[in-house]
Amino acid sequence: MVAISGDVKNSTFSEIFGDAYPDHFWQGYIAEQNLVSVAVGLQARGKVPFADTFACFLSRAYDNVRMAAISRANINLCGSHCGVSIGEDGPSQMALEDIAMFRAIHGSAVFYPSDAVSTERITETMARRPGINYLRTSRPKMPILYAKDEKFPVPGFKVLRKSADDKVTVIGAGVTLHEALKAADQLKATGTAVRVIDLYCVKPLDGKALAAEVGATGGRLVTAEDHWPEGGLGEAVLHALAAAGAPPAKFKLVAVTDMPHSGKPDELVDAFGISARHIVEAVKGVL
Amino acid sequence: MSAPSSTGPSAATVSAVKEKAKLLSIYSMMATTAAGSGHPTSCMSAAELVAGVFFHAMKFDPKNANSNDADRFVLSKGHAAPVLYAALAEAGVFPVSRVMTLREFSSELEGHPTPRIHGVDAATGSLGQGLSVGAGLAIGARMDKSPTRVYVLTGDGELAEGQVWEAAAFAAHYNLDNLTVIADINRLGQSEPTMYQHDMERYRLKFESEGFDTQVIDGHDVAAVLAALDRAKTVKGKPQAIVARTIKGHGFSQVADKLNWHGKPFSKEQLAAAIQELGGGPTVPPDPGKSYERTPLPTPPDFPEPPAPEYAADAKVATR
């Protein structure tokens, strides 16, 4: 395994790997196109590369990712600091299009874990999985959701809140998964039960399995993501459900729609439409 | 593969490589004419350079063209794919007749190289990426403590891509002396001459300032090509650049150094005239249709399962 970093090892914490295995860590400096193509060269010699940078800066290497797919390359790309939840640095550092970008790469897998346990286990899955694997990670600290032995199959998702009375299915990932859990608690307190799904794997999707969950809630669905509406988690789910013959009966897609700016992470998550109260509103909108 | 000699490569060696270069040009022209599309003039400027790498400098095993124990070649100027395929054929990876299936639906020999072809490590065709791929191969070789070398052929138009210089800085910073870039400076881009045309000093300064051991040669002088490749192998601590002054469409006077021939195959009549001007070439039998596709492609190696992650249940940890 080889890690190569775009001068953000102390933000993405690839330095932890680098300190443990200095001969397997390469500083790529601020040159993301080179970073991705070097990874392609490395895997051609049988290495398992993990290249990391801020998710938004992978967009400048999109041609390199595209060519890596044509190369049938086995590479792992980690984009951190996704979404408005990064806070004060502002939109130049926020990836809001990266899920769309990486979904549209042939044979890719797109992972968006919501806790440390799933992130670690998914990293291992990525190392084994051929093709281009993208891991979207977040800046804010999040509570641990899973026991250490939990498995995360591909495709797959985790149902974190479930009851026989669920009225709506709410699907989120990363910060919006945690906001969805808060929303579920708020809704439960006022008598509405909702199902909450952690969509740690945005691509590939198991449309039939998702349709079973949404079907159990009368076809009522809310998705929430720290991403633009186009091409992200919500549209991925919609496509998978429709392809499985089960488009939702009532649907709301919660995403960032206005151009963000600086602020505290919690402020931005709320101001830009993806916090618990927005999810609650969306749920009420489909009831 | 011969060791560097203080008196330069022998006349016999030069003559043999010259003959190969001529064949590479002829096969490139034949293949693109048969396909009705492709970039013969871009192949012809690189013929001596590619011949020098494949038939003098590179340690290459045609039975295992992607071997980690062999030297590697990256055609960063991917549109010159026919000249690479011709070299692979002459090196014994597949018959020359296969080269004539260039760009056909059922052939693995696509318009631009992909790893479906033995000897190709990464798809090229989007210019400016090959030196980075080469650097990745080079650091991989270093990690394996392998003595193998990596050769990257770039065009000149593609040196306008910033990524080339990202890769150059990376290569020099990590002292990748197992990496040699050969720049085919044929003066002409697609729609007009390049920024620096044949200002070889400009290119020399660019590579040298990035920390490369840099040589400037006549890219059609086989003795000079071989001497430069030999010299590159002796350089320690720095990657090497061989900046070659070449002529687009070299060898065929109707197109040599002329604008508006980028990406244009020759007509049957022009092809015949070109082959004659080059001194005549062999007949190539029709291709029997056997595929030489590299399949299956490698998947990541297996490894033992690591221990389960240990986090306190009440911890708050960022996924980054």
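**Exercise 1.** Identify the bridge partner of Lys141(A) in S6(B), and place that pair within its strand pairing.

*Solution.* In S6(B), Lys141(A) has Ala318(B) as its bridge partner. Moving from residues to strands, S7(A) is joined to strand S6 (residues 316–318) of chain B by 3 bridges, and the two run antiparallel; strands pair if DSSP finds at least two bridges between them. Strands (E, at least two residues) and helices (H or I, at least four) are DSSP runs numbered from the N terminus.

The model is predicted: local features need pLDDT of at least 70 and side-chain atom pairs count only at pLDDT 80 or more, whereas totals for chains, interfaces and linings use all residues. Residues are numbered from 1 along each chain as its sequence is written, while chains are lettered from A and ligands numbered from 1 in the order in which they are written.

**Exercise 2.** Describe the side of chain A that touches chain B, by elements and by residue class.

*Solution.* Begin with the count: 49 residues of chain A are in contact with 39 residues of chain B, contact meaning that C-beta atoms, placed from the backbone, lie within 7 Å. Next, the elements giving two or more residues to this side of chain A are helix H3 (32–44), helix H4 (62–70), helix H6 (116–128) and strand S7 (141–143), and the largest share, 9 residues, comes from H3(A).

**Exercise 3.** State how the radius of gyration of chain B relates to that of a compact globule.

*Solution.* For 320 residues a compact globule would have a radius of gyration near 20 Å, and the 21 Å of chain B agrees with this; the radius is taken over C-alpha atoms, and the globule rule is 2.2 Å times the number of residues to the power 0.38.

Key
Contact = placed C-beta atoms within 7 Å. Nonpolar A, V, L, I, M, F, W, Y, C, P; charged D, E, K, R; others polar.
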